[in-house]
Amino acid sequence: MLDVDELIDDQETRVVVCCGSGGVGKTTTAAAIALRAAERGRQTVVLTIDPARRLAQALGLRELGNHPRQVQVEGFDPKGELWAMMLDMRRTFDDMVRAHAGPDRAEQLLANPFYQTISTSFSGTQEYMAMEKLGQLAATGDWDLIVVDTPPSRSALDFLDAPTRLSSALDGRMIRLLTAPAKAGGWGLRKVVSAGFTMFAKAVSTIIGGQLLADASAFMQAFDTMFGGFRERARKTSELLRSQGTAFLVVAAPEPDALREASYFVERLSAEHMPLSGLVANRTHPVLADLSATAAISAAERVESSAPLATAVLRLHADRVALAEREERLLARFTRAHPEVPIVRVPALPSDVHDVAGLRDIGDRLAAS
Ligand SMILES: Nc1ncnc2c1ncn2[C@@H]1O[C@H](COP(=O)(O)OP(=O)(O)OP(=O)(O)O)[C@@H](O)[C@H]1O
Ligand SMILES: [Mg+2]
């Protein structure tokens, strides 16, 4: 059994990461946990990614601010504080460039077509920027709990792979060639390599076009100075994710594909020594009445001719019991494979979760089981 209150009440818990595959309820879970933590007295910030518009509105996030704002809405008077922000990937990237490349270089970089491509279309940029933002929030020391939502990736693993993938893309062969002058080490050597580079550049420019090469080369030269810092911060954030104060929650629907994906993720976390707190089985269908499917069906058969409404209700109940049993079987299978991972079940609520009351309801259910 996963004890969410114990987790969020523990002052040692500094970061909670909600991950899982697309559409399972990561954003909802992250917001609900942050809200609950704030109500239980913690100085909390939640970093959301692409929240549904109505949820964003409910949290008072009317625009992509890219900086946390305190949530101040009717009917919400927490003991602690709740701050929230939506990640703006492009702005996080731009801010990072401005902060680390120096003013002149930054403007050059931001205007460079290669930068435009990398910052908007490279797959994994959003995941990387989420990590970067987490690092920034942690560095301020303004909050004692940071709850992180993860991007709607196809696979939950993308979040962990992104920094490496981005680094290795930037480390790619062509880029290594282009940055060779700056990376060659000592100044004297660099000069020699630079000469070689100019020859190389001449040769290549006749093939791929002078402007393109000039852009790429200018981009890499500007980027190179901040590249070290860039990777260094990725390493620090990844260290933060491995630290004692971090808790991963894997969110999954009680369905075969989602649970299979969750299984991979659990194995990956453990291989990476990242601390997993548990699995949130979201949108389960618990049975409310204590009547077995078989009993319901036989009752339905008995009253079929005399009471059509009762028959329909009994059959619905039988379907619902069958669904609940199927979900429990799937969860039991997960537990057999990962006996050490506690599960918390959150039932499917009758409507979408898009206000404080809804989030509180999800929070109560997270803590109840
Ligand atoms: N337990 C629940 N009961 C009812 N509705 C829910 C529940 N959990 C989530 N939802 C709804 O399901 C939708 C998807 O949830 P959410 O946005 O949290 O998923 P997500 O994993 O963040 O998706 P994405 O991968 O696209 O970011 C939302 O409209 C949300 O209100
Ligand atoms: Mg989401």
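## Around ligand 1

In this predicted model, the backbone of valine 353 puts a polar atom 2.8 Å from an oxygen atom of ligand 1. Glycine 25 does something similar: one of its polar backbone atoms is 2.8 Å from an oxygen atom of the ligand. Proline 347 joins in with a backbone N or O atom, this one lying 3.1 Å from a nitrogen atom of ligand 1. How much of ligand 1 does the protein bury? On its own the ligand exposes 640 Å², and the protein buries 84% of that.

There are 18 residues around ligand 1, and the ones that come nearest are Gly23, Lys26, Thr27, Thr28 and Arg283.

## Helix H15

Now look at helix H15, which covers residues 356–368. Its 13 residues, at 1.5 Å a residue, should span 18 Å, and the C-alpha atoms at its ends are indeed 18 Å apart, so the two agree.

Which residues of H15 are buried? They are Val356, Gly358, Leu359, Ile362, Gly363, Leu366 and Ala367. An α-helix has 3.6 residues a turn, so residues three or four places apart point the same way. The cover over the buried residues of H15 includes helices H1 (4–9), H2 (26–39) and H3 (53–58), along with strands S7 (276–284) and S8 (343–347).

## The nonpolar cores

Nonpolar side chains tend to be buried together in soluble globular proteins. Here, the largest nonpolar core has 46 residues, and Val97, Phe248, Val250, Leu279 and Phe334 have the most contacts inside it. Leaving out residues up to four places away in sequence, phenylalanine 334 touches Leu259, Ala262, Ser263, Val266, Leu279, Val341 and Ile343. A second, separate core has 38 residues, among them Ala34, Ala56, Met86 and Ala247.

Conventions: Residues are numbered from 1 along each chain as its sequence is written. Chains are lettered from A and ligands numbered from 1 in the order in which they are written. This is a predicted model: local features need pLDDT of at least 70, side-chain atom pairs count only at pLDDT 80 or more; totals for chains, interfaces and linings use all residues. Side-chain values use heavy atoms; hydrogens and water are left out. Helices (H or I, at least four residues) and strands (E, at least two) are DSSP runs, numbered from the N terminus. The expected span of a helix is 1.5 Å times one less than its number of residues. Buried means under 20% relative accessible area, exposed over 50%, partly exposed in between (1.4 Å probe, protein chains only). Contact means heavy atoms within 4.5 Å. A residue is near a molecule or strand if one of its heavy atoms lies within 4 Å of it. A polar contact is a pair of N or O atoms within 3.5 Å; within protein, one must be able to donate a hydrogen and the other to accept it, and residues adjacent in sequence count only if both atoms are side-chain atoms. Accessible areas come from the Shrake-Rupley method with a 1.4 Å probe; for residues, only the protein chains shown count as cover. A nonpolar core is a set of buried Ala, Val, Leu, Ile, Met, Phe, Trp, Tyr and Cys residues joined through side-chain atoms within 4.5 Å.
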